[in-house]
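Thanks for coming, everyone. I'll keep this short. Please have a look at the model on the screen.

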Amino acid sequence: MSSDKVSSVGIVGCGIQGVCIGLQLLKKNIPTTIFDREEPGSMASYGNAGHFSPYAVLQLNRPDILYDVPKMLFSSNGPLALRWNYIPKMLPWILGYLKNCNQKSMMHTAKNMHQILNLSMEAYEEIFQEIDTTNLVDQKGIIYIWTNKNMKSRNLEIKVRDELGVKQKILTVKEILDLEPNLKPVFDGGCYYDYAYHARDPHKILKKIFDLFISKGGKFIKEDVNSIKQLQENETLIKTDTREYKFEKSVIACGAYSKKLTDQLGENIPLDTERGYHVHFKGMENLIKRPVIFLDRGFGMTPMNQGLRAVGTVELGGLKNPLSKKRINYVVNCAKELLPQLNDHQDEWLGFRPTLPDFLPVIGPSKNNKNIIYAFGHQHLGWTLGAITGKIVSGILSNEKTNLDLSAYSSSRFN
Ligand SMILES: Cc1cc2nc3c(=O)[nH]c(=O)nc-3n(C[C@H](O)[C@H](O)[C@H](O)COP(=O)(O)OP(=O)(O)OC[C@H]3O[C@@H](n4cnc5c(N)ncnc54)[C@H](O)[C@@H]3O)c2cc1C
């Protein structure tokens with residue numbers, strides 16, 4: 001690997017992508033500053049379901065799901081919901097999504113997700129050697145359950161994962177109940193990834209990575225970034241509410257908020273958000289040993305240190321609409337369907353998955369500004385992909401050669 005030493009990097013966004021990129025840059029001795037208007041890891045990286053899902057190659061841009069969308073949209077009690085006031089603004093994203101719901105795009109996305117998912121745990125394991133993950137990361141596998149109603153979709157998923165060489169174990173109801181005896185058997189079968197890890201507190205893990213970044217000499221500035229631009233060949237400018245900062249190179253890793261900055265750079269990247277929700281059932285985390293996801297319901301439960309975290313639904317409604325009580329009730333009811341012994345919930349949370357219409361992230365240089373690198377749009381898998389994104393983006397920033405084919409993640413696919 002050859003590398004030309006970069007003198008300084010500024011990263012906008014201290015979610016899991018930003019902090020992992022920062023850490024990798026410091027390992028290459030590149031002085032790095034991360035900006036965030038919030039405390040590190042306060043947004044999507046805070047409240048996710050905590051699954052490390054290297055097996056999750058298939059995304060939502062699929063022909064089979066397309067047929068179910070109208071039915072799901074008009075049911076007030078399904079896994080997908082719309083905030084109708086936002087639909088006009090989201091139209092370009094929706095049209096792009098519909099265009100990508102075909103066999104060819106589905107496989108293109110699956111193969112290119114597989115390329116990075118396959119490296120995701122190795123990249124985290126390197127980080128886990130440097131932070132204390134006691135009681136923060138468990139390796140007890142992850143179970144997906146389903147009813148017989150959508151077997152066409154389940155069979156497609158199993159087939160594609162087989163084709164790509166993803167390890168999976170199909171389970172009967174009895175085998176699932178042997179693993180998770182407290183579940184009410186309202187399902188007909190499932191799939192087990194016995195090698196999968198889950199986070200017991202994503203925010204604490206992120207904080208530990210952040211503390212490591214700081215201990216290695218990284219800087220953090222808690223300010224809102226208003227603009228970013230390339231001034232000349234080796235100079236970029238990050239402008240906050242109060243000051244201007246210059247770096248040789250900069251990174252946009254603002255998750256679902258990245259579009260405000262990429263629009264300023266003259267690129268119309270159709271990033272939008274799939275809103276998701278969580279609640280906790282405190283003291284109930286021991287009812288299951290590992291994450292359980294009910295595919296028909298678009299929801300799952302993870303045993304965490306804060307309680308049993310019930311997470312899910314996809315709501316299309318932008319970044320400004322308030323939290324929906326209906327969606328919270330949906331998640332709560334789904335949890336009680338599987339674990340009727342649950343009672344009151346706490347901590348209602350709304351988060352923003354950053355998603356492109358083809359369900360691939362944007363990783364790579366800006367089209368017009370080669371010293372500004374993008375790292376956003378990791379949709380449902382941003383937690384899993386943090387560490388590997390850190391490695392890839394730090395490699396791009398330091399001009400290293402890679403064996404990976406990064407072309408599918410380029411923003412130029414939208415221009
Ligand atoms: C309900 C839910 C469940 C999920 N479950 C999983 C899961 O189990 N497994 C998985 O792999 N993924 C999961 N995800 C997805 C994952 O959480 C996200 O893809 C990931 O956290 C995105 O990370 P990020 O660093 O890109 O963005 P974020 O974590 O959102 O961080 C972006 C940061 O940028 C900052 N920022 C934005 N704009 C500016 C600005 N102008 N100036 C300064 N700072 C700015 C924000 O304050 C924020 O801290 C889930 C997501 C949700 C919502």
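I'll go through the ligand site, then some strands, then two loop residues.

First, the ground rules. This is a predicted model: local features need pLDDT of at least 70, side-chain atom pairs count only at pLDDT 80 or more, and totals for chains, interfaces and linings use all residues. Residue numbers start from 1 along each chain, as its sequence is written.

Start with the ligand. There are 40 residues around it. A residue belongs there if its C-beta atom, placed from the backbone, lies within 6 Å. Which come nearest? They are Gly-13, Gly-15, Gly-255, Gly-276 and Gly-382.

By class, the shell has 16 nonpolar, 19 polar and 5 charged residues. Here nonpolar means Ala, Val, Leu, Ile, Met, Phe, Trp, Tyr, Cys and Pro; charged means Asp, Glu, Lys and Arg; the others, Gly among them, are polar.

Several elements supply at least two shell residues each, including α1 (16–27), β14 (272–281) and α11 (382–397). Helices are DSSP runs of H or I, at least four residues; strands are runs of E, at least two; both are numbered from the N terminus.

Why does the ligand lie between two domains? Because domain 1 (9–45 + 204–268 + 359–414) and domain 2 (52–117 + 135–197 + 271–355) both give residues to its shell. Those bounds come from an automatic or database domain assignment.

Now strand β13, residues 249–252. Side chains in a regular strand alternate between the two faces of the sheet. In β13, Lys-249 and Val-251 point one way, Ser-250 and Ile-252 the other, and all are buried. Buried means 20 or more other C-beta atoms within 10 Å of a residue's own, exposed means 12 or fewer, and partly exposed is in between, with C-beta atoms placed from the backbone.

β13 has parallel partners. β1 (residues 9–12) joins it by 4 bridges, with Gly-10 opposite Ser-250. β20 (residues 372–376) joins it by 3 bridges, and there Val-251 partners Ile-373. Two strands pair if DSSP finds at least two bridges between them.

Last, phi angles. Most residues other than glycine have a negative phi. Asn-29 has a positive one, about 60°. It sits in the loop between α1 and β2 (32–35). Is Asn-29 buried or exposed? Exposed, with 12 other C-beta atoms within 10 Å.

Phe-359 also has a positive phi of about 60°. Its loop runs between β18 and β19 (362–365). Phe-359 counts as buried, with 26 C-beta neighbours inside 10 Å.
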